Amino acid sequence: MIITSRANPLVKKFVSLSDKKFRRQLGEYLVEGIKPVRECLAAGGEVTDIICTPRTEGLFEGAVTVSESVFAVLSAEKSPQGVIAAVRLPSRPLRRPSGPCLLLDRLQDPGNVGTIIRTANAAGYEDIYLIDCADPYSPKAVRASMSGIFFVNAMCCSEKEAIAALSGVPLIAADMSGRNVFDFVPPQDYCLCIGNEGSGLAEELSSRSTYTVSIPMRDSCESLNAAISAAVAMYALKNNVKEVK
């Protein structure tokens with residue numbers, strides 16, 4: 001049986017999950033694409049429903065088939081692969097980091113948030129604290145994370161909660177006024193703090209930072225994209241900390 005109506009309850013549920021309000025109410029988020037859904041399942045993600053089209057029917061056990069026109073309403077992709085899953089939001093209580101970690105302060109672009117999560121997973125930053133950021137479980141952020149969201153602890157919290165969880169952990173602020181990140185040797189454990197795309201790190205976090213680092217640039221370049229800055233700093237710090245014996 002192929003669902004052809006947009007009024008179908010399952011279709012309406014998937015449509016609602018594009019909205020943060022309903023993601024929180026239902027406790028689920030969307031993962032789109034054959035490879036991402038497979039990686040989500042392999043990572044232990046709790047998939048509640050899968051929708052496919054006739055061309056991808058049979059790829060996932062228990063998937064419900066909808067028409068291509070109905071799937072187009074659900075998809076956020078320019079060239080949909082014909083598979084989308086609803087996944088249970090993980091329950092991740094705020095905790096102290098288990099190693100070098102990352103703090104994102106008021107990043108509003110879901111693409112930046114997702115890209116940073118992707119790089120954090122690649123570089124080995126497992127714990128990520130997000131203060132008033134774009135939802136890391138929005139379709140755009142999940143897509144930009146390239147499955148990284150399945151392998152990190154993304155903890156949304158307030159500034160006060162983050163400061164409490166990071167008590168005793170040296171904060172390293174990324175700011176243009178800091179010392180060259182490539183020459184800086186960090187402690188074994190630390191939290192790299194990345195500020196808002198326009199206004200930078202909040203004053204409270206800046207004042208609590210033990211260190212401040214920057215990425216050297218030519219005078220003709222005013223700044224770097226937040227996701228690129230985070231990537232450079234994450235790898236530079238990881239590379240330098242390894243030199244400490």
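**Entry 1: Asparagine 153**

I began with a cut-off: a residue counts as buried when its relative accessible area is under 20%. The model I am looking at is a predicted one. My starting residue was asparagine 153: is it buried or exposed? Its relative accessible area is 13%, and because the cut-off is 20%, asparagine 153 is buried.

Next I looked up where asparagine 153 sits, and I found it in strand β7, which covers residues 153–157. Which residues does asparagine 153 touch, if I skip those up to four places away in sequence? My list reads Arg92, Arg95, Glu126, Asp127 and Ile128.

**Entry 2: The whole protein**

I then stepped back to see the overall build. I noted nine helices and ten strands in the protein. The C-alpha trace spans about 60 × 40 × 35 Å along the principal axes.

What radius of gyration would a compact globule of 245 residues have? I wrote down a value near 18 Å, and the protein has 20 Å, which agrees. I also saw that buried residues make up 48% of the 245 residues.

For contacts between residues at least 6 apart in sequence, I noted that 79% join residues at least 24 apart. The accessible surface comes to about 12,100 Å², and carbon and sulfur atoms hold 50% of that. I looked up the charges too: there are 26 positive and 27 negative ones, and their mean positions are 3 Å apart.

**Entry 3: The cores**

A reminder to myself: in soluble globular proteins, nonpolar side chains tend to be buried together. Here I found that the largest nonpolar core has 45 residues, with Leu102 and Leu104 making the most contacts inside it. Helix α9 (residues 226–241) gives this core its largest share, seven residues.

I followed leucine 102 a little further. Beyond its neighbours within four places in sequence, leucine 102 has contacts that include Ile116, Tyr125, Ile128, Cys191 and Met234. Asp127 is also one of the contacts of leucine 102, and I had already met Asp127 beside asparagine 153.

I found a second, separate core of 17 residues, and Cys101, Leu103, Ala173 and Cys193 are among them.

**Entry 4: Serine 209**

My last stop was serine 209, in the loop between α8 (203–208) and β10 (211–214). Serine 209 has a relative accessible area of 15%, so with the 20% cut-off I marked serine 209 as buried.

What does serine 209 contact, leaving aside neighbours within four places in sequence? I noted Leu171, Ala173 and Leu201; Ala173 belongs to the second core. Valine 169 is 40 residues from serine 209 along the chain, and their C-alpha atoms are separated by 9.7 Å.

Conventions: Residues numbered from 1 in each chain as written. Predicted model: local features only at pLDDT ≥ 70, side-chain atom pairs only at ≥ 80, totals over all residues. Heavy atoms only, no water. Helix = DSSP H or I, 4+ residues; strand = E, 2+ residues; numbered from the N terminus. Buried < 20%, exposed > 50% of the residue type's maximum accessible area, 1.4 Å probe, protein only. Contact = heavy atoms within 4.5 Å. Rg over C-alpha atoms; globule rule 2.2 N^0.38 Å. Areas by Shrake-Rupley, 256 points an atom, 1.4 Å probe, with all protein chains shown as cover. Lys, Arg positive; Asp, Glu negative; His and termini not counted. Charge placed at Lys NZ, Arg CZ, Asp CG, Glu CD. Core = buried A, V, L, I, M, F, W, Y, C linked by side-chain atoms within 4.5 Å.
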